[in-house]
Amino acid sequence: MSPARRPRGVVFTDRDGTLNREVGYVSSRDQLRLLPGAAEGVRRLRAAGFAVVVVSNQSGVARGLTSCEGVAVVHDELRHRFAARGAALDAIYFCPHHPEKGDPPFRRACRCRKPAPGLARRALRELGLELGRGYVVGDTVRDLGLAAAIGVPGILVLTGHGRATRRELDGAVAVAHVAANFRAAAEWIIADAQQRRRGPRPRAARTSRRRR
């Protein structure tokens, strides 16, 4: 990397229930439905200088409901649909494992299944991204756990499982912001990043009163 090139900030986003409709285990192109505002949110983040990286648990592979090749077909379609709307995704990473379901090699404890940080750290390394300007967006406690694991703000969206997740939160997992959807999450991220660059607001100077 050239020393003059500043690493990009990154928004790690969940897939199902965050960018596309939650329908269980998506195993074909026909099941893929983008959520309203998702493409616009990606466009705004990219215009603001962020990389947008999908990080997704796809235990349907371990459960025998699909294959890694099937997931790749769905992801190719996801990239195509976003790109057709002027909202290119920088990368997609997924975990095919489950610690209890299915058979080896996909039934195993791994470091890539969210909330474990393996996929996010791999993306940071491979894409040359800046964790100090990072965020995580998703609709489940696992997504918020990933944010905590890598030390960045986690934004809960109220699409997918988001409303149920908000009801279940007990304070054990930190939430930086709750957004109606991915577009609203993107708007908050951009505003928060701008505020961070400006730094903390200076305190107003105290004026002392003269005793009369």
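Start with the whole chain in view. Among contacts with a separation of 6 or more, 66% join residues 24 or more positions apart. Keep in mind that this is a predicted model.

**Whole chain**

Colour by secondary structure. The chain has 6 helices and 6 strands. Follow the sequence and the order reads β-α-β-α-β-α-β-α-β-α-β-α. Now turn the view along the principal axes. The C-alpha atoms fill a box of roughly 85 × 40 × 35 Å. Switch on the surface. The accessible surface comes to about 11,700 Å², and carbon and sulfur atoms hold 47% of it. Of the 212 residues, 45% count as buried.

**Stop 1: strand β2**

Hide the surface and select residues 50-57, which make up β2. How many of the residues of β2 are buried? The count is 8 of the 8, so β2 is largely enclosed by the rest of the structure. Show the side chains. In a regular strand, side chains alternate between the two faces of the sheet. Here F50, V52, V54 and S56 point one way from β2. A51, V53, V55 and N57 point the other way. Both sets are buried.

**Stop 2: strand β1 and T13**

Add residues 8-13, strand β1. β1 and β2 pair in the parallel sense, over 5 bridges. Zoom in on T13, which belongs to β1. Which residue of β2 stands opposite T13? It is V54.

Is T13 buried or exposed? T13 is buried: its relative accessible area is 1%, and the cut-off for buried is under 20%. Now select its neighbours, leaving out residues up to four places away in sequence. From β2, T13 touches V52, V53, V54 and V55. Its other contacts are T18, L19, V137 and F182.

**Stop 3: helix α4**

Select residues 141-150, helix α4. The buried residues here are D143, L144, G145, L146, A147 and I150. What covers the buried residues of α4? The cover includes strands β1 and β2, which you have already visited. It also includes α3 (118-127), β4 (129-138) and β5 (154-157). Then step past the end of the helix. G151 follows α4, and its phi is positive, near 75°.

**Stop 4: the largest pocket**

Rolling a probe the size of a water molecule over the atoms shows where empty space is left. Go to the largest pocket, which holds about 390 Å³ of space. Its lining has 17 residues. Select E22, N57, T140, R142 and H161, which lie nearest the centre of the pocket. Two elements from earlier stops return here: β2 and α4 each supply at least two residues of the lining. N57, a buried residue of β2, is among the residues nearest the centre. Colour the lining by class. You will find 9 charged, 7 polar and 1 nonpolar residues.

**Stop 5: the cavity**

Finish with enclosed space. A search of the whole structure finds 1 cavity of 30 Å³ or more. About 30 Å³ of space lies in it. Which residues line this cavity? Select Y25, V26, S27, Q58, G60, L65 and T66. By class, 3 are nonpolar and 4 are polar, with no charged residues. Set that beside the pocket lining, where 9 residues are charged.

Definitions and conventions. Residues numbered from 1 in each chain as written. Predicted model: local features only at pLDDT ≥ 70, side-chain atom pairs only at ≥ 80, totals over all residues. Heavy atoms only, no water. 1 Å grid on protein atoms, 1.4 Å probe; cavity = no way out; pocket = protein on both sides within 12 Å on 5 of 7 lines; lining within 4 Å. Points joined across faces, edges and corners; volume = space filled by probe spheres on them. Nonpolar A, V, L, I, M, F, W, Y, C, P; charged D, E, K, R; others polar. Helix = DSSP H or I, 4+ residues; strand = E, 2+ residues; numbered from the N terminus. Buried < 20%, exposed > 50% of the residue type's maximum accessible area, 1.4 Å probe, protein only. Contact = heavy atoms within 4.5 Å. Areas by Shrake-Rupley, 256 points an atom, 1.4 Å probe, with all protein chains shown as cover. Pairing = 2+ DSSP bridges.
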